[in-house]
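Here are my notes for you, since this one is new to you. Have a look at the picture first, then go through the points in order.

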Amino acid sequence: MKNGIHPDYHTITVVMTNGTEYQTRSTWGGEGDKMNLDIDPTSHPAWTGGNQQLLDRGGRVSRFKKRYEGLGI
């Protein structure tokens, strides 16, 4: 490995949305910094199985639905 090309790898504290904390090693921030999460596996619908809403940006979803509406899917 070449010297001086890799980022600094150090210990940080991650704070979940419910206030729980854990320590991990990361290249983010500096030694001992705290990363406060806005979304984590305990609150995000992708992990909890909650309802997700599909955003139609630029009519893409509408065009897709219109194109494939006759397939009965």
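1. A word on terms before anything else: a residue is called buried when its relative accessible area is under 20%, exposed when over 50%, and partly exposed in between. On that scale, 11% of the 73 residues of the protein count as buried. Keep in mind that you're looking at a predicted model.

2. Now the overall layout. The protein has two helices and three strands. Follow the sequence and you'll meet them in the pattern β-β-β-α-α.

3. How are the strands arranged? They make an open sheet of three, in the order β2-β1-β3, and the pairing is mixed. β2 (21-26) and β3 (34-36) are the edge strands, each pairing on one side only. On average, neighbouring strands of this sheet are turned by 35° against each other, direction ignored.

4. Start with β1 and β2. β1 covers residues 10-15, and its pairing with β2 is antiparallel, over six bridges. To find your way along the pair, look for His10 opposite Ser26 of β2, and for Val15 opposite Glu21, also in β2. The two strands form a hairpin with five residues between them. In that turn, Gly19 has a positive phi of about 100°.

5. Then turn to β3. β1 and β3 run parallel and are joined by three bridges. A handy marker here is Val14, which stands opposite Met35 in β3.

6. Is β1 mostly covered or mostly open? Mostly covered. Five of the six residues in β1 are buried.

7. How many salt bridges are there? The count is one. In this salt bridge the side chains of Lys34 and Glu21 meet, at 3.2 Å from N to O. The two partners sit in distant parts of the chain, 13 residues apart, with Lys34 in strand β3 and Glu21 in strand β2. You've already met Glu21 as the residue across from Val15.

8. Are those two partners buried, exposed or partly exposed? Lys34 has a relative accessibility of 48%, so it counts as partly exposed. Glu21 comes out at 46% relative accessible area, so it is partly exposed as well. Both calls rest on the rule that partly exposed is the range between under 20% and over 50%.

9. On to the aromatic rings. A pair of aromatic rings is described by the distance of the centres and the angle of the planes. The structure holds one aromatic pair. Its members are Phe64 and Tyr68, with 4.9 Å centre to centre and 50° between the planes, and the pair is tilted. The label follows because planes under 30 degrees apart count as stacked, over 60 as edge-to-face, and the rest as tilted.

10. Where is Tyr68? Tyr68 is found in the segment after α2 (60-67). With a relative accessible area of 36%, Tyr68 is partly exposed. Phe64, at 53%, is exposed, because the cut-off for that label is over 50%.

11. Which residues form the nonpolar patch on the surface? They are Phe64, Tyr68 and Leu71, and together they have about 330 Å² of accessible area. Why can Phe64 and Tyr68 belong to a patch? A patch residue needs over 30% relative accessible area, so Phe64 at 53% and Tyr68 at 36% both pass that cut-off.

Terms used:
Residues numbered from 1 in each chain as written. Predicted model: local features only at pLDDT ≥ 70, side-chain atom pairs only at ≥ 80, totals over all residues. Heavy atoms only, no water. Pairing = 2+ DSSP bridges. Helix = DSSP H or I, 4+ residues; strand = E, 2+ residues; numbered from the N terminus. Axes fitted to C-alpha atoms, helices over the stretch in contact; angles between N-to-C directions. Patch = residues over 30% accessible without salt bridge, like charges linked within 9 Å, V, L, I, M, F, W, Y side chains within 5 Å. Areas by Shrake-Rupley, 256 points an atom, 1.4 Å probe, with all protein chains shown as cover. Salt bridge = Lys/Arg side-chain N within 4 Å of Asp/Glu carboxyl O. Buried < 20%, exposed > 50% of the residue type's maximum accessible area, 1.4 Å probe, protein only. Phe/Tyr/Trp six-rings, centres within 6.5 Å; stacked < 30°, edge-to-face > 60°.
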